[in-house]
Amino acid sequence: MIRVCVQTEEFDVGQEAARLSRVSDSVGGMSLFVGQVREQNDGLESLTLEHYPGMTEALLTELAQQAHARFNLLACTVVHRVGTLGVGAPIVFVGSAAPHRAAALQATAFLIDRLKTGAPFWKREHFKDGRTAWVEAKEADDTAAAAWD
C-alpha cells in the first residue's frame with residue numbers, strides 16, 4: 001500500500017501511524033519521520049511552501065514506489081503540506097512499514113533524503129522584521145540523496 005497526499009490541512013501523526021500498522025499482520029517494524037517549521041534564531045515567523053500540482057504528487061508517488069520495491073515494504077506514506085505554515089507547524093510525514101525494522105528505517109531515510117532534493121516544492125521564509133527569502137538548496141541535502149544511488 002502506498003499513500004501520498006499533498007495538502008494544506010494539518011495531518012494527524014497518530015492516525016497516519018495507525019493506518020500503517022494495520023496494513024498487514026506481517027508488520028514487524030515501522031519508522032516515522034515528522035518534519036516541522038523550525039526557528040533558527042533569525043526571527044523566522046512562517047514558511048510558505050508552493051508546489052506544482054499534479055507533478056508533485058506524481059514525483060512523490062514515484063519515490064514511494066521506489067522505496068516500496070527497494071526495501072520490500074508492506075506500506076509507505078508520504079504526506080506533505082503546502083501553504084503558509086508558522087514556526088512549529090508540521091510540514092511532512094514519512095512513514096514506512098515492513099516485516100523488519102531495518103527495512104522500515106532505511107526506507108524512511110531514503111524517502112526523506114530523496115524528497116528533500118527531488119520534489120518540486122519552493123519554500124519562502126517570512127521573518128518578523130518583514131524580510132522574505134527563498135530557501136536555497138543545501139549541499140548536505142544533495143549529498144545525502146546521492147548516497148542512495
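These legends walk through several close-up views of a predicted model.

**View 1. Arg 3, Glu 16 and Arg 19 join up in a network of salt bridges.**
Start with Glu 16, a residue of helix α1. Its side chain meets that of Arg 3 in a salt bridge, with 2.8 Å from N to O. This pair ties together distant parts of the chain: Glu 16 belongs to helix α1, while Arg 3 lies in strand β1, and the two are 13 residues apart. On the other side of the network, the side chains of Arg 19 and Glu 16 also form a salt bridge, this time at 2.9 Å from N to O. Arg 19 and Glu 16 are three residues apart in helix α1, so about one helical turn separates them. As a general point, side chains of opposite charge can pair when their charged atoms come close.

**View 2. A look at the surroundings of Glu 16.**
Is Glu 16 buried or exposed? Its relative accessibility is 5%, so Glu 16 counts as buried. Its two salt-bridge partners have other labels: Arg 3 is partly exposed at 21% relative accessibility, and Arg 19 is partly exposed as well, with a relative accessible area of 30%. Which residues touch Glu 16, once neighbours within four places in sequence are set aside? The contacts are Arg 3, Thr 77, Val 79 and Phe 93.

**View 3. Arg 131 and Asp 129 share a salt bridge.**
Here the side chains of Arg 131 and Asp 129 meet, with 2.8 Å from N to O. Asp 129 is exposed, with a relative accessible area of 56%. Arg 131 is partly exposed, and its value is 41%. For context, a search of the whole structure turns up four salt bridges.

**View 4. A nonpolar patch sits on the surface.**
The members are Val 13, Met 30, Leu 32 and Val 34, and together they have about 270 Å² of accessible area. Which strand gives the most to this patch? That would be β2, residues 29–36, with three residues. Val 13 comes from helix α1, which runs over residues 13–21. With a relative accessible area of 33%, Val 13 is partly exposed.

**View 5. Helix α2 has its buried residues on the same side.**
This helix covers residues 55–70, 16 residues in total. At 1.5 Å a residue, α2 should span 22 Å, and its end C-alpha atoms are indeed 22 Å apart, so the two values agree. Now look for the buried residues of α2: Thr 56, Leu 60, Leu 63, Ala 64 and Ala 67. They cover an arc of only 100° around the axis, which is why they end up on the same side of α2. What do these buried residues pack against? The partners are β1 (2–7), β3 (44–51), β4 (75–81), α3 (101–118) and β7 (121–127). After α2 comes Asn 72, whose phi is positive, near 55°.

**View 6. Helix α3 packs its buried residues against strands and helices.**
With 18 residues at 1.5 Å each, α3 should span 26 Å; its end C-alpha atoms are 25 Å apart, which agrees. The buried residues of α3 are Ala 103, Ala 104, Ala 107, Thr 108, Phe 110, Leu 111, Ile 112, Arg 114 and Leu 115. They pack against β2, α2, β4, β6 (90–98) and α4 (139–146).

**View 7. Cys 76 in strand β4 and its contacts.**
Buried or exposed: which word fits Cys 76? Its relative accessible area is 0%, so Cys 76 is buried. Leaving aside neighbours within four places in sequence, Cys 76 is in contact with Met 1, Ile 2, Arg 3, Leu 20, Ala 64, Gly 95, Ser 96 and Leu 111. A few of those names have come up in earlier views: Arg 3 belongs to the salt-bridge network, Ala 64 is one of the buried residues of α2, and Leu 111 is one of the buried residues of α3. How do Cys 76 and Ser 24 compare in sequence and in space? They are 52 residues apart in sequence and 12 Å apart in space, going from C-alpha to C-alpha.

Technical notes: Residues are numbered from 1 along each chain as its sequence is written. This is a predicted model: local features need pLDDT of at least 70, side-chain atom pairs count only at pLDDT 80 or more; totals for chains, interfaces and linings use all residues. Side-chain values use heavy atoms; hydrogens and water are left out. Patches are made of residues with over 30% relative accessible area and no salt bridge: like charges are joined within 9 Å, nonpolar side chains (Val, Leu, Ile, Met, Phe, Trp, Tyr) within 5 Å. Accessible areas come from the Shrake-Rupley method with a 1.4 Å probe; for residues, only the protein chains shown count as cover. Helices (H or I, at least four residues) and strands (E, at least two) are DSSP runs, numbered from the N terminus. Buried means under 20% relative accessible area, exposed over 50%, partly exposed in between (1.4 Å probe, protein chains only). The expected span of a helix is 1.5 Å times one less than its number of residues. The arc is that of the directions from the helix axis to the C-beta atoms. Contact means heavy atoms within 4.5 Å.
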